Amino acid sequence: MKKLTQITLATTLIFLFGLTSCNNNTSKETAMKNTTTNTKTYWPNDAQLVISFSMQFETGGQPEGAESPFSGNPLPKGNPDMPAESWFRYGAKEGIYRMLNLWKKHDIKVTSHVVGEAAIKYPEVAKAITNGGHEIAAHGISWSDQWDMSYEDELEFIKKGIDTVEAITGQRGIGYNANWLRRGPNTLKVLQELGFLYHIDDLSRDEPFITKVRGKNFVVMPYTLRNNDIVNIEGKQWSPDQFLAQLKAEFDQLYEEGSTRRRMMSVSLHDRIGGAPAVVHVVDAFIKYAKSHPGVVFMRKDAIANMIKDDPNTPIDNSELNFNQ
C-alpha cells in the first residue's frame, strides 16, 4: 500500500511539472507574439502617440477692446476697461506660473508662443518660461492681423516680434503662430526668409507634414481648435470637466489610430484661461491618464519638427503651393 502511494505521488508530480512547463512555454510564446506584433512604429522615437502642449503668453500685448468676458458690452473708445485689463493680467500674475508648476511636476516641456509686447511688459515671465526648459516660439510683436499686410510690412512685423523676444529671453524662436491663425498668402515665404523651421497655423492633419515654400521644405505642425481652451472654455463656456472629457476622447481615438499610422495630439492653453486653477486641475488629470498608456511621449514642437523634417515617412502636402512659389 505504501509503495502504491509513492508511485501515485510520483506520477502526480510528473504531471504537474509537465503542466507548469507547458503553461510557461505558452506564456513565453504569447509574450513573443505580442512583442512581434508591437514592433511596428511610425515615429522616429518609436512613440505610439506624440502629445504637444502650446502655452500661449499674450498678456500685455492685447489691443484696446480685445476679446474678454466683458467685450460683449464694450466701453466707448478711449475709456480703459479696468476689469478686462485685470482679467488679462491674471495670465502674467498667476496663469503662466501655475502652468509652469504643472509642467515641472510631470517633467514635460512645452512650446510657448510669446507676443513681443507681452515679453516687453513682463520680461520676468518670459524668462521664467525659458528657464523652465520650454520652447520660446514667435507670436508677432502684438495682437494684430497680418493677413492683409504687404510682404514688407509682414516681414517687419514678424521680425520685430522675434527679435524683441530673443533680446529678452536669449532664445530665438523657430516656430510661428499668427494672431487667430489668420496668416496671409505671403506668410510662409516671410517665415522662410527669416529662418523659421515651422508654423502651426494649419488644421488639415493630425500629424506634422512638409510643404514646399519656394521649392524648399517647410514643416507644418498641426494645431487644434478642438483641444483649445480659448475656443471651448472661453468661447463656448465649457466647464473644466467638459474640457477634460474632450481631451480624453481625443486621446483615446488618436492613441488607437497610432498603432497603425503616425498620430500627434495638440493641446492649446492660454495664460489667462488655461492657467486658471480648475483648468490646470483637469489638465493634470489628463496628463496622468495619458501617461498610464505605453508609448506616449510629450514633446516641444521644435523638437518634433527637427525630428521629422528629414524623415522619408513624413508626408509632403502642397495644397497651398500656388501661394508659396
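**Note on the predicted model**

1. Strand β8 (residues 264-270) is mostly covered, with seven of its seven residues buried. Buried means under 20% relative accessible area, exposed means over 50%, and partly exposed lies in between (1.4 Å probe, protein chains only). Strands (E, at least two residues) and helices (H or I, at least four) are DSSP runs, numbered from the N terminus. M264, S266, S268 and H270 point one way from β8. M265, V267 and L269 point the other way.

2. This is a predicted model: local features need pLDDT of at least 70, side-chain atom pairs count only at pLDDT 80 or more, and totals for chains, interfaces and linings use all residues. Residues are numbered from 1 along each chain as its sequence is written, and side-chain values use heavy atoms, with hydrogens and water left out.

3. Which strand does β8 join through seven bridges? The partner is β1, and the two strands run parallel. Two strands pair if DSSP finds at least two bridges between them. One place to look is V50, whose bridge partner in β8 is M264.

4. Strand β1 (residues 49-56) also holds F53, which pairs with F298 in strand β9 (residues 296-298). Rings of Phe, Tyr and Trp (its six-membered ring) pair if their centres lie within 6.5 Å; planes under 30 degrees apart count as stacked, over 60 as edge-to-face, and the rest as tilted. The whole structure has eight aromatic pairs. F53 and F298 are stacked, at 6.3 Å centre to centre and 5° between the planes. The two residues are 245 residues apart, so the pair links distant parts of the chain. F53 is buried because its relative accessibility is 1%. F298 is buried too, at 16%.

5. A second pair is F251 with F286. Their rings meet edge-to-face, 6.1 Å centre to centre, with 80° between the planes. F251 lies in helix α8 (residues 240-257) and F286 in helix α10 (residues 277-291), so the pair ties together parts that are 35 residues apart in sequence. Both F251 and F286 are buried. They belong to one aromatic cluster with Y255 and Y289.

6. Charges also sit over rings. The definition asks for NZ of Lys or CZ of Arg within 6 Å of the ring centre and within 35 degrees of the ring normal. The charged end of K248 sits over the ring of Y289, 4.9 Å from its centre. The charged end of R205 sits over the ring of F209, 5.3 Å from its centre.

7. Helix α10 also carries D284, which meets K105 of helix α2 in a salt bridge. A salt bridge is a side-chain nitrogen of Lys or Arg within 4 Å of a carboxyl oxygen of Asp or Glu. By this rule the count comes to 18. The K105 to D284 distance is 2.9 Å, N to O. These residues are 179 residues apart. Is each end buried or exposed? K105 is exposed, with a relative accessible area of 52%, whereas D284 is buried, at 11%.

8. D284 has another salt bridge, to K288, at 3.5 Å, N to O. K288 and D284 both lie in α10, four residues apart, about one turn of the helix. An α-helix has 3.6 residues a turn, so residues three or four places apart point the same way. K288 is partly exposed, with a relative accessible area of 46%.

9. Elsewhere, E166 and R172 form a salt bridge, with the closest N and O atoms 2.6 Å apart. E166 counts as partly exposed at 28%, and so does R172 at 34%. Salt bridges that share partners join K159, D163, E166 and R172 into one network.

10. T211 lies in strand β6 (residues 209-213). T211 is buried, with a relative accessible area of 4%. The backbone oxygen of D317 lies 2.9 Å from a polar atom of the T211 side chain. Leaving aside neighbours within four places in sequence, T211 is in contact (heavy atoms within 4.5 Å) with residues including L188, F218, D317 and N324.

11. In helix α4 (residues 123-131), V125, A126, A128, I129 and T130 are buried. What covers them includes β1, α2 (82-106) and α5 (151-169). Just after α4, G133 takes a positive phi of about 85°.

Conventions. A polar contact is a pair of N or O atoms within 3.5 Å; within protein, one must be able to donate a hydrogen and the other to accept it, and residues adjacent in sequence count only if both atoms are side-chain atoms.
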